[in-house]
Amino acid sequence: MINFGFSPHIEISLDNVLHNLKQIQSLANPHRNDIMAVVKDDAYGCGAVPIANTLEKHGGVRFFTVARFQEACTLRNSGITSPILVLGKSTLEQIKEGWNKRIVFTLNDLSDLKEWISNQLEVRFHLNVDTGMGRLGLLPSEIATFCEQLKFISGIHFEGVFTHMARADEPNTQSVDRQLSILRQALAYIRSQGLSPQHIHFGNSATLMRFDIKESTLVRPGIALYGCNPDPAQKFPLNLRPIASLKSTVVKVKQVPPETEISYGGNYKTSSTTCIATIALGYAHGLPRFLSNRGEVLIKGKRYRIAGNVTMDYIMVDVGIDPHISVGDEVVAMGFQGDDCISPDEIACLGNTIGYEVLCHLGPNIDRIYLLNDSIVFNEKGSGF
Ligand SMILES: Cc1ncc(COP(=O)(O)O)c(C=O)c1O
């Protein structure tokens with residue numbers, strides 16, 4: 001094991017990524033629904049290179065998707081051989097470069113298609129149909145023009161159609177059915193024009209956990225791979241395991257009298273003589289400041305409430321008069337210790353946010369290790385894979 005000294009660090013469990021993948025696969029039809037793993041934005045802050053490589057080499061995942069072209073290149077350079085779909089807008093130069101790298105692009109605008117055709121580019125692409133997200137993609141009213149422009153063109157490889165669900169995490173939502181019906185109409189029209197894209201996908205984590213995904217050839221989960229629910233306040237039908245732990249150590253324990261104010265603002269005051277443990281972990285490392293006086297940490301398998309405001313590099317906890325806690329003890333602010341777990345979803349609920357945001361804020365500048373079968377297979381310096 002690496003000795004982190006007294007410094008905070010992040011541990012990512014690749015075993016849990018594979019566990020979550022299996023959970024997702026248990027909902028998908030193995031003959032039809034392959035996984036397109038969403039590893040954009042550094043796999044939601046958890047590390048796209050080690051996670052995508054684990055999913056490809058140990059999980060059999062054969063399709064990845066990212067937000068930007070540069071992310072796709074990073075994955076390709078790291079050894080990923082599967083197709084990678086770029087969801088966002090790409091320049092002509094990127095599209096040219098992407099052809100030999102087997103990068104697949106997204107058509108979000110009719111004007112892009114015109115540019116591709118007039119520049120005689122070779123491009124593989126999936127069409128994004130905006131069925132109700134209101135963000136990117138062609139409106140249903142643009143599908144006829146799209147088909148018209150695409151007919152008789154060579155070099156432009158129309159390989160897939162997808163849409164993105166806006167409200168699949170809401171219970172009993174009718175919006176998924178509405179969006180699906182618009183997608184079906186678009187697909188029927190496209191097929192009636194003699195076009196037959198191979199891939200159809202619309203299943204983000206919430207959709208695949210709650211709705212019928214039979215009509216798609218790929219499912220496109222992100223957050224479920226990382227062990228969180230799309231909405232942390234609701235129950236979803238998978239047994240997911242959080243993959244990220246945020247850990248540090250106790251760096252000081254001191255006894256203080258009653259009425260001692262703790263941290264900036266002094267909004268925690270000791271009620272009796274007690275011990276305060278200072279922990280080397282703060283918002284600079286990804287521990288949200290909204291956990292001030294609310295969040296908990298695990299030390300020796302027991303939960304302690306954060307006392308006072310979270311600071312940039314430290315938090316304090318009131319550990320009582322005879323705590324059996326000493327300098328160097330492990331502190332878990334997110335993740336498992338013993339049988340207990342503080343999940344990103346638990347943290348998100350305290351801040352009225354979502355696990356996605358908690359993970360994306362994990363400190364990029366602190367030590368990180370990636371564990372598979374209890375061994376470190378990758379660390380932040382890029383060794384491994
Ligand atoms: C286009 C698209 N597809 C799929 C996903 C994955 O969604 P989730 O993480 O909820 O599974 C995202 C996430 O933001 C997305 O933007």
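Let's start at N352. It sits in the loop between α10 (344-350) and α11 (355-360). Keep in mind that this is a predicted model. The backbone at N352 has a positive phi of about 55°, although the residue is not a glycine. Is N352 buried or exposed? Its relative accessible area is 74%, over the 50% cut-off, so N352 counts as exposed.

Now a second residue with a positive phi. A43 is not a glycine either, and its phi is near 50°. Where is A43? It lies in a helix, α2, which covers residues 40-44. Here the relative accessible area is 0%. That is under 20%, so A43 is buried. To put the two side by side: A43 is buried, while N352 is exposed.

On to the ligand. Helix α2 runs over residues 40-44, and Y44 is among the residues that come nearest to the ligand. How many residues are around the ligand? There are 13, and the nearest are Y44, S205, R220, I223 and Y356. By type, the shell holds six nonpolar residues, four polar ones and three charged ones.

Let's go through the polar atoms. Take Y44: an N or O atom in its side chain is 2.6 Å from an oxygen atom of the ligand. Next, Y356: a polar atom of that side chain also has a ligand oxygen at 2.6 Å. Then S205: here the distance from a polar side-chain atom to an oxygen of the ligand is 2.5 Å. How much of the ligand does the protein cover? On its own, the ligand exposes 390 Å², and the protein buries 91% of that. And which pocket holds the ligand? The largest one.

One more loop. S263 is found between strands β12 (261-262) and β13 (268-269). Its relative accessible area is 22%. Buried would need a value under 20%, and exposed a value over 50%, so S263 is partly exposed. Which residue should we look at alongside S263? T311: the two are 48 residues apart along the chain, yet their C-alpha atoms are separated by 7.6 Å.

Last, the whole chain. It has 385 residues, and 56% of them count as buried. A43 is one of the buried residues. The secondary structure comes to 11 helices and 21 strands. Along its principal axes, the C-alpha trace spans about 80 × 45 × 35 Å.

Conventions. Residues are numbered from 1 along each chain as its sequence is written. This is a predicted model: local features need pLDDT of at least 70, side-chain atom pairs count only at pLDDT 80 or more; totals for chains, interfaces and linings use all residues. Side-chain values use heavy atoms; hydrogens and water are left out. A residue is near a molecule or strand if one of its heavy atoms lies within 4 Å of it. A polar contact is a pair of N or O atoms within 3.5 Å; within protein, one must be able to donate a hydrogen and the other to accept it, and residues adjacent in sequence count only if both atoms are side-chain atoms. Accessible areas come from the Shrake-Rupley method with a 1.4 Å probe; for residues, only the protein chains shown count as cover. On a 1 Å grid over the protein atoms alone, a cavity is a set of points where a 1.4 Å probe fits but cannot get out, and a pocket is an open set with protein on both sides within 12 Å along at least five of seven lines; lining residues have an atom within 4 Å of a point. A molecule sits in a cavity or pocket if more than half of its atoms lie within 2 Å of its grid points. Ala, Val, Leu, Ile, Met, Phe, Trp, Tyr, Cys and Pro count as nonpolar, Asp, Glu, Lys and Arg as charged, and the others, Gly among them, as polar. Helices (H or I, at least four residues) and strands (E, at least two) are DSSP runs, numbered from the N terminus. Buried means under 20% relative accessible area, exposed over 50%, partly exposed in between (1.4 Å probe, protein chains only).
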